[in-house]
Number of protein chains: 2
Amino acid sequence: KKKNQFFLSFLHCIKQKKGRYDPKVLIHSIKVGIALVLVSLLYLVDPLYEQVGENAMWAIMTVVVVFEFTAGAVLSKGVNRALGTVLGGGLGCLAAMLAQEIGGIGRAIIVGISVFIFGAAASYSRLVPSIKRKYDYGVMIFLLTFNLVVVSGLRSEEVIQLARERLSTIVIGFSICIITSFLIFPLWASDELHCSIVTKFENLARSIEGCLEEYFEATDGKKENQVNSSSGGYKSVLYSKSKDETLANFARWEPWHGKFGFYYPWDKYLHIGELLRELAASILSLKGSFQPPQQACEAFFGGNKVFPLFVVLIRLLSGPSSALLRLSVKEPCEVVSSMIARTLRELGDSITNMTRSRSAALIVAKLQLKRTELRVAMLASKLESDDGLEIATLVFMLM
Amino acid sequence: KKKNQFFLSFLHCIKQKKGRYDPKVLIHSIKVGIALVLVSLLYLVDPLYEQVGENAMWAIMTVVVVFEFTAGAVLSKGVNRALGTVLGGGLGCLAAMLAQEIGGIGRAIIVGISVFIFGAAASYSRLVPSIKRKYDYGVMIFLLTFNLVVVSGLRSEEVIQLARERLSTIVIGFSICIITSFLIFPLWASDELHCSIVTKFENLARSIEGCLEEYFEATDGKKENQVNSSSGGYKSVLYSKSKDETLANFARWEPWHGKFGFYYPWDKYLHIGELLRELAASILSLKGSFQPPQQACEAFFGGNKVFPLFVVLIRLLSGPSSALLRLSVKEPCEVVSSMIARTLRELGDSITNMTRSRSAALIVAKLQLKRTELRVAMLASKLESDDGLEIATLVFMLM
């Protein structure tokens, strides 16, 4: 049943993908295929096989496990794996030799105790957030290698020989990964992060426009579907935190390439992402406040009409002047929203081109003026003024 | 250098942890230690070793890789691994036999082509979101096993024998994981998810209170630190989406236990989490709007005093009536916020005890009344009314 489900979802995705085809994913798949064929040569070519023997298995394992989507991820995972193997192998050899010195039944006891202590300590450290984020894979490999070496030491005499051979095949696998990943159409985590930030600006700009449009055209009832589909981008922005952090983590590993130099300030990208998420949160609550209160009430009290009095009361209080006010406020609101959207797009473009935006300051000045206008125009209590102000505050913070 | 950094951060965490000691993490570490010792017995005890031989390695590998924090995660990863191994081993055997039938140089070509095709296809499917979420590990193991079996088939004659032996040791490793994870102090993903949702209610309740308190006491300048520390919880709620989804995914794997039956509605937990995140977004934007506009302006224009005119203009418009209004609005706002906080806590408690909350409806009625009062009291444009309304709308949606 599970298997069936798997194939169904796979077929479904293939079908969906036909329309919006992503060349990067295809490139990555082909690269994995190439790396696997290269590493299989260790088995396929006789002279190579005579050199490495059965240990070629470890090279295959390394390629399958380490080959990630972006170059930075491959490097980070590979270095983690190498460090974990060296450390685990070294400590494992020491423990195995200590056990062999003692001999007899004490040998098994020493091995058991060291397995327990290192296993518990490594598992504990894997749950510490700061280690989990960066070294999770390395610690796992450390534990794995340590265990394999220390227990194999009981059975075969040449522990060090064994560890050395495995390590060398892992290095072969790692080199194949690095060569394939860096030399054939490299996919950089830095580019991904850069694009993801730029896309966020565009998404938010569209969301703000779509949001206001939806509000003012809710009475007409037309174009609802089209607007809904275009204004959902803020949600993807809101929940992009962990993805951005992973990308930044990998981007730090990548060497100088393209427009990104050494010590490129990836933290600033994270900071901008954080501010954009705050803006997305504002859009979310702006949308929440658009739902007219009486509608919310009816949805709530729909089942059991216990409090009709409140509904009437609220409708009386919020209903009458609403439509009129909405009309009077429509024009300045639309101007403000389109200005905010333009500012966001401008900022996005300036990040794309890596130039300092000159016109942004001017737009902000205009925005200020318009906002003041909006404030003066409405002395009556209305949603828009304050939310516009809120967004403006955030746009300020962005610059 | 990397290694040093690693140890430093490890020591730092140990030091930090001394204060807030989490028994669950310790239990998990000890369980991993026990499972590893159990699986090492395959090497340590002579009769067992005679049975499995060198393949005991695969059992150790299974334990290290599959043993996750929660029982559901262990089950899910184990089943993924088993399915991936069976499928990959089966297809690998078929491909190896096909290659053997052909023989000669054609053998190597068949192996190379099949490695490339399966490698590319599996990597492609691992990047499809719906597969990545649930079967990522299984696909990786499928690819690994397929490659190992198909290339080993070139060198050893008994491919099927090899695959069968490895599979049986993997089953041994998996059984050890399941036994240790389910029978010794099981840590359930369902409990984690349940607690995480309940904690969210409490966090948001404290954030709302802290937020308003901060706003009204900003002029006094006292108690700032204490308030700041208590009102940051909404951010952790906002960014909890992926963690919740992972937990729900694992919780679905867990068998009947404790208060959770079969087909427990985990989707509802995700839905509640979603609504709470929306509420957290409102709190975030509420906090953003608390920053007085003139302060934001000054922060922006602080460096180059180009637009002092605007600053004066805005201060004139927003300054005068502010303090007075703030006083008049303080009492109803505080009542509303404490009511919302009480409602949230009540809802959290009712989820903890798994009972239907009776008083919630009553509180909502009171809240309605108070909100109406708030609206009547302030006809002038002020932030609080609308944001209070916004929060109320969300509280409505929650029930």
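## Helix α8 of chain B

Helix α8 of chain B covers residues 159–183, and because each of its 25 residues should add 1.5 Å, a span of 36 Å is expected, which agrees with the 36 Å found between its end C-alpha atoms. The structure described here is a predicted model, and the values given for α8 and for every other element should be read with that in mind.

The buried residues of α8(B) are B:V159, B:A163, B:R166, B:T169, B:I170, B:G173, B:F174, B:I176, B:C177, B:T180, B:S181 and B:F182. In an α-helix there are 3.6 residues a turn, so residues that stand three or four places apart point the same way. The list of buried residues includes B:V159, B:A163, B:R166 and B:I170, and a reader may wish to follow these along the helix in the structure above.

## Two buried residues of this helix

B:R166 belongs to helix α8 of chain B, and because its relative accessibility is 12%, below the 20% limit, B:R166 counts as buried. Which residues does B:R166 touch, leaving aside its neighbours within four places in sequence? Its contacts in chain A are A:E54 and A:M57, while in chain B they are B:N55, B:W58 and B:L148.

B:C177, which is also listed among the buried residues of α8(B), has a relative accessibility of 0% and therefore counts as buried. In chain A, the cysteine A:C93 is likewise classed as buried, because its relative accessibility is 10%. How many disulfides does a search of the whole structure find? The search finds zero over all chains.

## The loop after α8 in both chains

In chain B, helix α8 is followed by B:F185, a residue that lies in the loop between α8 and α9, the latter covering residues 189–216. Although B:F185 is not a glycine, its phi is positive, at about 40°. Is B:F185 buried or exposed? With a relative accessible area of 60%, which is over the 50% limit, B:F185 is exposed.

In chain A, A:F185 lies in the loop between α8 (159–183) and α9 (189–216). The phi of A:F185 is near 35°, a positive value in a residue other than glycine, and because its relative accessible area is 59%, A:F185 is classed as exposed.

## Helix α12 of chain B

B:T246 is found in helix α12 of chain B, which covers residues 241–251. Its relative accessible area is 39%, and B:T246 is therefore partly exposed. Along the chain B:T246 and B:L193 are 53 residues apart, yet the distance between their C-alpha atoms is 9.4 Å.

## Chain A as a whole

What does chain A contain in the way of helices and strands? There are 18 helices and zero strands. Of the 399 residues of chain A, 52% count as buried, and among the contacts in this chain between residues at least 6 apart in sequence, 79% join residues at least 24 apart. Chain A exposes about 18,500 Å², of which carbon and sulfur atoms supply 64%.

## A nonpolar patch on chain A

On the surface of chain A, the residues A:L38, A:L41, A:V45 and A:L48 make a nonpolar patch of about 270 Å². One of these residues, A:L41, lies in helix α2 of chain A, which covers residues 23–44. Because its relative accessibility is 32%, a value between the limits of 20% and 50%, A:L41 counts as partly exposed.

How values were computed:
Residues numbered from 1 in each chain as written. Chains lettered and ligands numbered in written order. Predicted model: local features only at pLDDT ≥ 70, side-chain atom pairs only at ≥ 80, totals over all residues. Heavy atoms only, no water. Patch = residues over 30% accessible without salt bridge, like charges linked within 9 Å, V, L, I, M, F, W, Y side chains within 5 Å. Areas by Shrake-Rupley, 256 points an atom, 1.4 Å probe, with all protein chains shown as cover. Salt bridge = Lys/Arg side-chain N within 4 Å of Asp/Glu carboxyl O. Helix = DSSP H or I, 4+ residues; strand = E, 2+ residues; numbered from the N terminus. Buried < 20%, exposed > 50% of the residue type's maximum accessible area, 1.4 Å probe, protein only. Expected span 1.5 Å × (residues − 1). Contact = heavy atoms within 4.5 Å. Disulfide = S-S within 2.5 Å.
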